Amino acid sequence: MHRLLFTIVSLLSVSATADVNILPNGDFEQRTLGWYGWGGQVSDTAHSGKHGIQVINHVAKWTGAHQILPLPDSIEVVELSGWIKTNTVTGGKEIWEKARITLEFLDAQEKMVGNYPDAVGQVDGTTGWTMFRKKYQVHKGSKNVKIIVALGNCTGEAYFDDLICSYYSAAQIKSMIPAVDTSGNLLTDAGFEQDGLGWNIFGASVSATAHAGKYGVMVKNAIPAWSGAEQVVVLPENASKVVIAGWIRAENVVKGKEDWETARIGIEFLDNQGALVGGYPPVTGSAVGTRKWEKVTMDYMVPQGAKSIKVQAALGNATGTAYFDNLSLFVHDKNDKQLKNAGALSGPMDEGEWYPLEQDNTASGGHYVDWSSLLDAPAGKHGFLTVKNGRFFFKDGTPAKFWGTNLVEKDCFASNAEIDSVTTRLARMGCNLLRLHHLDAPWAERNIFGKAKSTRSLSSTSLKQLDYLIAQCKKKGIYLFLDLLVHREFTPEDSVFEKPKELGAKQVGMYSRKLIDLQKEYATQLLNHVNEYTKVAYKDEPAIIGSEIINESTIFTHFSENFINGTYKDELEALWKKSPYKDKTLAYFVPDWQPERTVLKNAGSGNIVESMTFLSSLESAYYKEMATHLRSIGVKYPLAGSNMPLPLLGSLKNNSIMDFTINNDYWDHPQIWKIGNNWDRVLYSPFHNGSQFKSPARNTVFAKSYYKVYQKPFIITEWNHCYPNEQILEAVPLVAAYSALQGWDGVLQFDFNLQSVGKDRVRNYTLSVAPEHVALWVMGAPLFLRSDVKTAPGQVVEQVTDSMAHSLPNYSDFLEKYSYLPYVTRVQKTFSGKASGKPEQYKKYYDEKNAIMTSETGELMLDAKKGILKINTQRVQGASGFIANEKITLPAFSCNLANSNASVYAVAKSSETLAKSPSFFLVVAGPVKMSGQRYNASRSALEDPGKLPVLAQVIKGTISFTNKSYPKATVTPLSVSGSKGKPISLKKDSSGNFVFNPEDGRTLVYDVSFSK
């Protein structure tokens, strides 16, 4: 009866505004009526009225109360607010273990849907009444919402009162447009009265503590972190000066190590690639300690090349509480005339005509073309993979190189039918190496442990499906890369009574004796397992070419902070006391993110050189111990350490002791950390939207060139150019071509799943649903596997000394001094030899004035100023990038297209060259987007990620084929499943060339044939 009443209230409130509370007894004036209490009790301590609810913990546990409300189907957003007061709350080991107001979305059976949303607000210490408020996108499949007030596994006293929950439909959300600011302030919702509309709020919340109006933004850091709110605004044309102002209030703000690590309002000027222009300007204003509301303001001159400005209010690696309100941005020209809003930037996704991408069912394993001939089935026929003279060879002497992708978590344990489909599709795409990743993920629907609480035994059901996957891959010629420790959650049932701070035991898994022993046990169980279908143990399987010991880890630090704490810190300190440096002080390190690089910095005090030498010895010893164990159980294939993509020399040196090295890279990874790590809303994450071609000193090729070690094979285990970046068409040609030039041994794009192009929506880095990536594999797979681009004959080897590897900043700027090198010749590092090769001898291939780099082989040309890559080999020819109205002329064809961003490639079907073949494949790819997809004004985030169908841009212009040996030519459109459309007969122009208008085909891949 009670739930029925809730339903009636909710349905009547669908059209309600935020001022209508659909949460019964949210003010506790009817004591605990409607609330389910699990330790929470009514209290006379209230924010308003007579009552609130009190939660007291003398020992750390979860204590509180909750309500469950039904969600009408029309609701897209839930807003929840409430007040918290605390007394001596001591937070738990996790950042969320505090006094907190939060919610969870539930299905019809009241089981949680999606990930845990960020808390509305969470507090520790002793605080007065503080209001928190947050809006949430309703998770797909939600039928209920659970409202929770609690002390989360922590101690102390907490009081909660005046909770308000409101629902919004899609129409109401669209109507929430702030009033036009007639003063000329270019910031949207400058006073946060519209819940921070237009702001990206990360680690902060809209609060009732305001300088003016009802709301401001509050940032509270218990530990040093970069948290706040930011907004990117397009600069009007002729902008010469900007004036920034805002109000700051501080409570117990403690400055970080650097002078700029305070409560602060600051700016960054950005170019049209989202990169910093003109360095970091001085802050507009800052505060430390405890200060009342104070206005800060500063004028800035706009640097040349700036196209937008980022305004940020933040606690920058500082602790305490800061409040910000009433920020303003005024822009003036050189005559000091105030300029109006510039409106929105435009981009390739705004242009031209679009058509729905064909939704062929690829469940049968289809692809545009069948490249399975590039695979040498069955995998393992040449014996185990070996390393000789820094390259991969099979035991019988056959050289080896790998082009592939990653299969992740639950999809590694799919049904037989699904495995048949995905392996067939991968083989046809030309994938000859599949990395099996996140087998141990506790958050996965299916993992290697099944549903058991302990991770000390493997699921027979999971192993059976893994066996089938490996057997099918082997049969089709797809080799396997088998990860070991990735995201395993060590549990009390494993006799691990203090969980590592991060899944996968980052950092601590490299020295903690208990965790190392558990890793050995797991590896023994997994690799001794005999495949039900092949009858071969994994350790004896030549189709497996390698394993990494631990994923994305180094002992020095992790991506955001240092994860060595608690008993793991005690264990490390005990090892330090047994070292030669026991009389010194052990230092701890954290990453120092800078615009062009990441370096290492000291997190406190301590002896740097001794500490880095000590930590390196532990990391190297860990790799040696794990490798020795794997060899002792009979593992025969090569082994790698970790693929941590932080450019730390010490970490790279430690990894260089293994058989080969690996690394990861993502261009324009969604900035999920700026939306509270809420993976359910990853499509709304901010991003830079920059071009790899126009960023030759930052892109994937440049970044991974840093990690190539002399005389060691190298595999990129994960890479992607992430949606919704508008220059995705650059990615496959760039990575395939220059990986081949560099002589890298393997390139694996992340990631693949059971979904397919056109049928499922495009996602941030899911290859299987990315139309441009999948189409461009038609040229990328053969280019790399056939060595269509020749490996550069020259090389430059940089020497890295022990002192560089064991000191700060633990970074080499060698490549930055010679940023053209990776596009001209091979570049590598040596930790035990001497430098060789002279960078200056390759400068003749670099037109510095025009930013054009030509490979020493003459096959590749990158024009970084225009953003164009040209590839001219005997079997692959074409161009990618900003080629609008650029006459592209190559031996096999020429083209002149109107689309600002496109890729066009002719690809030989076999080892026969394009010049001699009467037919070849033609890739003609333009931008792809979701229907209704919409960017924000600065094109730095999606306002609407859109829905199906997937739309492809119509390619306008002409492509002329220069083959004059035949009187007839036809172009046949190919669908994503490989089916053929109606052939298009071509006519000749006045020069005798066959002319094709791709607008007539409306697909991304074609078969071109000449005949008599």
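How far is the sulfur of Cys 412 from the closest cysteine sulfur? Select Cys 412 and Cys 473 in this predicted model and look at the two sulfur atoms. They are 9.4 Å apart, and Cys 473 holds the cysteine sulfur closest to that of Cys 412. That is too far for a bond, because a disulfide needs the two sulfur atoms within 2.5 Å. Cys 412 itself is buried, at 0% relative accessibility.

Next, select Cys 165. Its relative accessibility is 0%, and Cys 165 counts as buried. The number of disulfides in the model comes to 0.

**Aromatic pairs**

Turn to the rings. A pair of aromatic rings is described by how far apart the centres are and by the angle between the planes. The count of aromatic pairs comes to 33. One of them is formed by Phe 714 and Trp 744. Select both residues: the ring centres are 5.5 Å apart and the planes meet at 80°, which makes the pair edge-to-face.

Now colour the chain around these two residues. Phe 714 belongs to strand E28, residues 714–721. Trp 744 lies in the loop between helix H10 (731–742) and strand E29 (746–752). The two residues are 30 residues apart, and the pair links distant parts of the chain. With the surface switched on, Phe 714 is buried at a relative accessible area of 0%, and Trp 744 is buried at 1% relative accessibility.

For a group of rings, select Phe 392, Phe 394, Phe 402, Tyr 479, Phe 481 and Phe 660 together. Ring pairs link these six residues into a cluster.

**Charges over rings**

Select Arg 133 and Tyr 215. The charged end of Arg 133 is placed over the ring of Tyr 215, at 3.8 Å from the ring centre. Then go to Arg 249 and Tyr 323. Here Arg 249 lies over the face of the Tyr 323 ring, and the distance to the ring centre is 5.1 Å.

**Around Val 422**

The last stop is Val 422, in helix H3, which covers residues 416–429. Is Val 422 buried or exposed? Val 422 counts as buried, at 6% relative accessibility.

Which residues does Val 422 touch, leaving aside those up to four places away in sequence? Select Leu 407, Phe 752, Asn 753 and Leu 754 to see these contacts of Val 422. Finally, add Gly 366, which is 56 residues from Val 422 along the chain. The C-alpha atoms of Gly 366 and Val 422 are separated by 9.1 Å.

Definitions and conventions: Residues numbered from 1 in each chain as written. Predicted model: local features only at pLDDT ≥ 70, side-chain atom pairs only at ≥ 80, totals over all residues. Heavy atoms only, no water. Phe/Tyr/Trp six-rings, centres within 6.5 Å; stacked < 30°, edge-to-face > 60°. Helix = DSSP H or I, 4+ residues; strand = E, 2+ residues; numbered from the N terminus. Buried < 20%, exposed > 50% of the residue type's maximum accessible area, 1.4 Å probe, protein only. Lys NZ or Arg CZ within 6 Å of the ring centre and 35° of its normal. Contact = heavy atoms within 4.5 Å.
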